[in-house]
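Please read the following report alongside the sequence and the coordinates. Its topics are model confidence, one chain as a whole, contacts between chains, and a few local details.

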Amino acid sequence: MKRDLALLLGILLALLAALLLWALHATLALEPGPRLAELASARLEQTGVSNPVTAVLLNYRAYDTLLELAVLLAALLGIWSLGPAPAGYQRSGPALAALVDWIVPLAILAGGYMLWVGGHAPGGAFQAGALLGAAGVILRLSGEPSAGLPGEPAQRWLVVLGAGVFALVGGGLLASGFGFLTYPPGQAKWLILLIESAATVAIGVTLTAAYVGGRPGSGTAHNGTGQSRTVQR
Amino acid sequence: MSAQFLYGGAGILLFALGLWSLLVHEALLRKLIAINIAGGGVFHVFIAIAYRGDTAPPDPVPHALVLTGIVVAVSATALVLALHRRLEQAEEPAADAEVLSESASASSAAPPPRTPAERTPGTPHPETPHG
Amino acid sequence: MTLIPWLLVAAWVWPLLLAWPVAGQGGSWRASSATDGSVTAAVSSTVPITVPSKAHWRGFLTILGPLPALLAALLLPVGTRLELPWLFLGTALELDPVGQVYLLFTALLWLIASVYSAFSLRTAEHAGRFGALFLLAMAGNLWLIVGQDLFSFYAGFAMMGLASYGLVIHDATPSALRAGKVYLVMALLGEVSLFAALVIIAQQTGSTEPSPDDLTQLTALPIALVLFGLGVKAGLVPLHLWLPLAHPAAPVPASAVLSGTMIKVALLGWLRFLPVGTQALPEWGGLLAAGGLLTLFYALPVGLVQADPKAILAYSSVSKMGLLMLVLGLVLMEPALAPVGVAGIALYAASHALAKGGLFLGVGLRKQAALQPALVQPLVLGGLLFLALALVGAPFTSGAVAKYAVKPVIEAADWPWVAAAVAVSTVGTTLLMGRFLWVSAGTRTHSAPGYLWPGIAWALLIALVALFPFVLGKATSWATNSVAVPLGVVLATLVALAAWRNPDWLKPLIGLIPPGDLIVLSRPVGALVKAFGGWLWRPIGQLAARIAGFAIDRYERVCNEPPGDVERGLRAWSVAGALWIGILALLVVALLSGEPLLDNGEASSDQGGIQADSGRQAEAIANEESSPD
Amino acid sequence: MSQMLSWTALLPGAIVLSSMLPGAFIFLVKEESHVLRGVLNMFGAIIKLVLVGTLIWGVFLGGVFESRLTIAPGLDLVLHADALSVLFVTLSSVLWLVTTVYAIGYLEHSPNRSRFFGFFSLCVSATVGIALAGNLLTFVIFYEILTLATYPLVAHRGTPEATRGAKIYLAYTMGGGVALLVGAVWLRALTGPVDFVEGGVLSGMASTLHPQLIAIFLLLLLGLGVKAALVPLHGWLPQSMVAPAPVSSLLHAVAVVKAGAFGIVRVVYDVYGVDFAAELGLLIILGVWASLTIVYGSVKALTQDGLKTRLAYSTVSQVSYIALGASILGPVATIGGMVHLVHQGIMKITLFFCAGNYAETLGVHKVSQMDGVGRRMPWTTLAFTVGALGMIGIPPIAGFVSKWYLGLGAVEAGQHWVLLVLAASTLLNAGYFLPILYKAWFRPPPDAWPNEHRFESRFETMGALLWPPVITAAFCLIAGLLAAAPFSPLEWATLIARREYGL
Amino acid sequence: MADLLILPVLVPLLGGLLATALPVRSALVGTLAALATSLSGLSITLLVWLHGDLGTVLGGWGVPLGIGLSADGLSAALLAMASLVALAISIYAGSYFAGSAQARHFWPLWLLLWSALNGVFLAADLFNLYVMLELLGLSAAALGALTGKREAIAANLRYLLVGLLGSLTYLLGVALLYTAYGTLDIGLLGERLGPTPIAATALALMVSGLALKTALFPLHFWLPPAHANAPAPVSAALSALVVKASFYLILRLWTELFAPITDIGAATLLGLLGAGAVLWGSWRALRAQRLKLLAAYSTVAQIGYLFLFFPLLASLPPGTARDDLFAACVLMALTHGFAKAGFFLAAGLVQQKAGHDRISELGGVAQRMPATTFSIALAGSALVGLPPSGSFIGKWVLMRGAFETGQWWWLPVTVLGTLLAAAYVFRVLSRAFGLEPTPLQFVTNARTEIPALLLAFASVALLGLAAGPVWAVLGFGAAPA
């Protein structure tokens, strides 16, 4: 029965794909015009950042990004709620340990750069956070049980940092009469930088914690190193 | 505008392939990968329509949307994997098998690298029970 | 004296009020406890008599029952009327001439019977219940005499009917119970048809108190129903079956009243609800007359062969009622005869009531009166002889006066042979009375105490009967029946002598026909009806049972099979996926084929050049051609 | 809400709430606090009686009483008191007071009384709501609330039979309720909001709609027929006799069953208008169906040995008298039908009270056990006799009056066959009531009753159990004897008929 | 005043973050945040009722660029329902999770879910809706798996996958719309959108994606296990609120955004699926052996009822009749929200006390908790659609609409659905009449029973007798009969 069902699905999906293709073709043939591109780039300079994507991400559609951080947090909370973290890996051999000593600080440095360059070139909080996450994963793979993560309370605060700062800035602006996430003309750049850096840290910690895959504070050695300082062996 | 249709069409086909694989294959990890492919397909469509010829810079809005989409996809994948592992730990003989893949042989197919800018660390390797 | 008209109300309400204290006579359910007295005392505070231990005084209350009615009959001038619009459905109590005669003899007979019952049944078991029912019947009887409107008549009729059922089955012997059942069934049938008749009369005449002129508008249906309804009570032959069973079964005072006053009520009903004197009803009158004749002649032979003296008297009542029905039939056929006929009927009814009541009480005394057997019994027999003669209508008796009153109607009847037939019937009745005397003479007496006062009351009744012709009748009337009765007497003595010489000569005849003669037929008829009903009902019953069975097991099968995981199939991803994409496709097709798209669909799909790089490219093109618009 | 709500607008609402609010509080009353519960009950009953008294006086003088609550635009909850509704409201409030007294006595030591009396008051408010309903929507709403409120009462005892009986009861009434709902909505779709107006609303409808109107009538009749226990739909009534006596007396003799009959009367007179209904030939259908029920109910009652089941079947047949009255064209038959609404109520409630007394005091549940009951419990049996004779239609008790008017109305309308039905029913009633009376009065009592327990009361049984049947029996006699007196049920029914026919 | 619109999303988000940060005091933070959020939600509804529709654009960049928030009658009504139901659930959860380790995980996820829910009702931007739906789906799945039991995790895994599939399809639809019309804002799209194939395809994709998430008939397979195995407050939220969000989106897309291209054919397809849902859901509910499974299937059935309104709405020209139908559909959604939440909360109590929720053995427990049984009864009568409840009014208008538009075939479905619903509700209630000893007093545990009772009472009395405000909020005012 499996075979003919799969066949049926294939045919249906082929039809669906054909339909979508035809629809896409019909639309593109209509020359729908520049959509939001000109508008976005026209008002780019008021956004305080020169990279249009970051402008969209953190200014025009800042609300989406805030929620996106919330989604990330939700996923992590889900993972935490499922139970304690599994045991880590064995201690890595000398070669890998040495490699890690080099790679982790390098990743952190690259993350910082990626964060900064986001203002005017492709980059930004998510890419930086991903690099930090990668560092965490490498630490975890190399046998470091806490994957460079601080203790549970600190970890919880860090995880909340990104969305927290974002929401507080928005709330603050709302309270001060500008309207939610409506940056005052001058300080847009600095506010964005503040949000981005908080987000980077938060994303880094979240991705690492997600990779650890369980509730913190369940017996993993607590080495207290802040994410930004390099990790002793 | 044929480039847009070309890449957009490819995105749609990816979406269709992802759907097909999701609906046919039993293994959970294959389903997860299929969903990520389908997601990729949709993002592909977004990026395709952002292309505005070689001269003008591409439309930033779809790019931002795709960025957000990717992060959402990552978190969803992370949660699915965590649920899956928690389910395996529960170890009861899988009564309703159709949801889950063959529990034992979760092959660790590394996810194909996708957008160059992002190296998703999210897929954990099945740890050998340590000590 | 404005109070006097209220006497009419008191006539029938008073016995009702007495019914409850009398009912308590047997002691309430807690015979021993002291509270017994207080309950009943509270109710009948009007009677200050001290409470003896066994509270027999309540038995005597029944005697007080008929007194107001008697006073009303004697004191109230004819025509006193009392309108009570708020009572029941608008009651009108009036004393019309016929009503007055009826009220007189009814009250008299109830008084004497209540004296008899008060003393004879005092120590009997369930005396309280008997007393209460006795009073209820009395109230019903008096109410329908005094009440002129339809409702009062029907209410009295129903109350009397049901209460007398209690009287009939008082002794609770198997025969009494059977008699009671027959009586009740037939009484109810009568009542129901009377109800229908009265409804139609009320509708056709438009008033609840129809005068004879209103009654002329009646159609055939109400008349037939009235005749049938009251015919059952009157004992019209095919409907008389309950009478010979019930009267003997009831205790003596009850059967006296049953035979005496209750069956006469039918005549009163007919007089009130048939257009007597205002409209000629040749066919209905003829039918009634014929029925009367048939009843007259049918009852005599059957009565002769009875063994029980009370059964004989019952059959004699049936035949006498036959005579009255004959007269009424003739009056209906010839309205001119109405005034004479109605007066005659009333008088005849009065005389028969008193005589028949006396005879029944006499039978009771004959059985139980004990005082110095040597002296009392011959007196009782003498009284019985006198009453029998009065019943037959021997000269110088009340019967003669009554027959005289009725004779003009019979002579004036257009069927010449009616007068002769009546004469023959008189002879027959005399024979019947002879048979009765013969049998009652033969009954053994087993004496019981306390029959002094009943004896005195009986004697009073005999005196009244004796006085009857001289008070009411004219001299000429005394001589009627001068031929028929002596002939009957002679015949009777001859037969008596023959029977006395060799008793077994007539032996086979006695008991040939059991009392309630035609009732014997009812058993096979009943079986037939039951069989037919069963035959009709069975298929329907089976069908219903089959349907019900089918529905129940269907429900069982559906509900009890384990729920099972039907959804498992649905949960498989491929199936769910297929369904989902199917819906998606259907939705797209529905939307695309929807009319808003159809009419301006062409503008959107110009065929521009297509480059497709992937393997599906051919299919895409194929799909494009086939696209709906 | 701006205009001052004059008391005429508040009265109907107050009447419904006068039993609903105490009911709601009773739910919260603890089980042991009998006094509080008793006070709440009696308080609600008396207040309701007082309010109903003023309502009677008001409606008699021709006042208009209407409280209107707009649930949603186009959907109004209307409580409108006209002559017909006052008749039913008075009946239910008076009998509710009597039954509450009875219930307090009857459920002396039984569990879950707060729950019982809570739902009991809810039932009465629903019944009063049905009586006062001003339009079809309100009627349907209160009709269903009645179903909901009676379900827990039927299942009150908690025994398997009780739950089974309640389940059957629910199946029937839920089906009926849905049929009524569909009919009501269909009518609403055809003709706009359906207000009850004396003389009917639909007479002016176009003739093309007539087939639909007939279909709607059948649907409504189906829905109402379940509660009015018309033949095929009566199955629930004998089954729900497992309920305690106060429930079967007030609800299955007065409230629930009457709601169905009252509904039929409302639909025939105030929705279709009796002439329009006759024109459509609907009255014939109703008449034949009612007659079938009358005969069927009585025939079935003959064979029942359980006392309450026999009374249940007798209810099935007696309630159809009302439907029969409604189905005969003419004011007299209407009076007959309406007045029987009251008479059947008081007579049947007496019988059920007595049945409850026998069960509670002597443990007698079956007719075969009734030998000599008259000796042991004379007052209760006397009340039973009055009720039974009334049911048979023996004058001067109330039953005769309604039978008389039904007969007269039928003859006036030229439907003589109805007399046949009435005669047959009388005989059959006699057939199943008189044997009971015979056993009770004339048979010697058995040496030991099934489970007799003596109450310390001075009378044959507990005061609270004894007086209600005696009082209602007295009502039967008074309603019969003083039928023609002012403010009697008969006079009020005449008032209704006069207003319905616009005489 | 319009920028108050963000509060219902911002407050729970902040609350969630704080609860994450302070796990020990998460219950206190959670309850306070719940209060604040429901207040903000209700104030938005009040504002909409008094001043009509509200709209604002975040970030001050104007519509095409920035993300708009809008609250019209429909979203205000659902927002009010969500606020009240969620508040009751929060109070209930406060005592339900008291002392258990799950509390620290429950509150953050619950507040995020609530913020996403309010976000969905207030969003006026398609992509923003996608992110909200994802947040909603993720947090719901995570909450569902809170008990850690095997079936719960398997069910929620399936739910998550289904959710992802639905969102991706929705996103593809959004992509196509963006391709064709170059804007993501619903208002602008409404003006630009015309009856073109691309719009039809996009609508089909979006509606089928959302249909997956709102568990319309054949696609309902994931709902029963997910809702039945979740902890009581979570399953109440899932059934009453989460499922409603996707239905709300379908309703808004179908009747407002894509009004020009929706036609009777497609609407009838949805109606048929709804009819299937009513019959299949009710039948499975009748056959369910467990109380919460019964409630879950009843959700499938009730969602079916809501979809019955689509063909009727499609076939009526705009006017009072159509407004009544629309308002009736909203009223049924609200009533189901209250009633189902009340039902699940009460069922949770019964399960907590009895240790299991097999219906056949619930008799004893049901009698020892009269308040809980009473709220199950009230909620049950609202689910069945018996008169005093709002859904009765809804069904009355639905049937009236069916008659007026001549589409009589929806009638037998509604009638059969009502009867089946009555059967399965009273199957549960008949257990409450046994021979158990009389309960001491009406309410045994106030903090959990009162919210359930109030929710059930609201669905019956409040919405039943005072459905007027729903019409007012939707701006239809007191339309003539």
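The report begins with conventions and confidence and then turns to the chains and their contacts.

Residues are numbered from 1 along each chain as its sequence is written, while chains are lettered from A and ligands numbered from 1 in the order in which they are written. This is a predicted model, in which local features need pLDDT of at least 70 and side-chain atom pairs count only at pLDDT 80 or more, whereas totals for chains, interfaces and linings use all residues.

**Confidence.** Chain B has an average pLDDT (the predictor's confidence in each residue, from 0 to 100) of 74, and 68% of the residues score at least 70. Residues 94-131 of chain B have a pLDDT below 50, yet beyond near neighbours in sequence this stretch has 62 contacts in the model; two residues are in contact if their C-beta atoms, placed from the backbone, lie within 7 Å. Where pLDDT is low, the predicted coordinates should not be read in detail.

**Chain D.** Chain D holds 19 helices and two strands, where helices (H or I, at least four residues) and strands (E, at least two) are DSSP runs numbered from the N terminus. Its radius of gyration, taken over C-alpha atoms, is 21 Å, close to the 23 Å that the globule rule (2.2 Å times the number of residues to the power 0.38) gives for 503 residues, so chain D is as compact as a globular protein of that length. Along the principal axes, the C-alpha atoms of chain D fill a box of roughly 70 × 55 × 45 Å. Of the 503 residues in chain D, 66% are buried, a residue being buried if 20 or more other C-beta atoms lie within 10 Å of its own, exposed if 12 or fewer, and partly exposed in between. Among contacts in chain D between residues at least 6 apart in sequence, 81% join residues at least 24 apart.

**Contacts between chains.** For two sides of these contacts, the table gives the composition by class, with Ala, Val, Leu, Ile, Met, Phe, Trp, Tyr, Cys and Pro counted as nonpolar, Asp, Glu, Lys and Arg as charged, and the others, Gly among them, as polar.

| Side | Nonpolar | Polar | Charged |
|---|---|---|---|
| Chain E, touching chain A | 29 residues | twelve residues | two residues |
| Chain C, touching chain E | 15 residues | four residues | three residues |

In the first contact, 43 residues of chain E meet 44 residues of chain A, and α5(E) gives the largest share of the chain E side, ten residues. The contact between chains C and E takes 22 residues from chain C and 22 residues from chain E, and on the chain C side α23(C) gives the most, with twelve residues.

**Core and local details.** The largest nonpolar core (a set of buried Ala, Val, Leu, Ile, Met, Phe, Trp, Tyr and Cys residues joined through C-beta atoms within 7 Å) has 785 residues, of which B:L79, D:L87, E:V85 and E:V120 touch the most other members. The largest share of this core, 22 residues, comes from α6(E). Leaving aside neighbours within four places in sequence, D:L87 is in contact with residues including D:M338, D:W492 and D:I496.

In chain A, A:L158 is found in helix α7 (residues 152-175) and is buried, with 23 other C-beta atoms within 10 Å. Not counting residues up to four places away in sequence, A:L158 touches A:P150, A:V201, A:A202 and A:V205.
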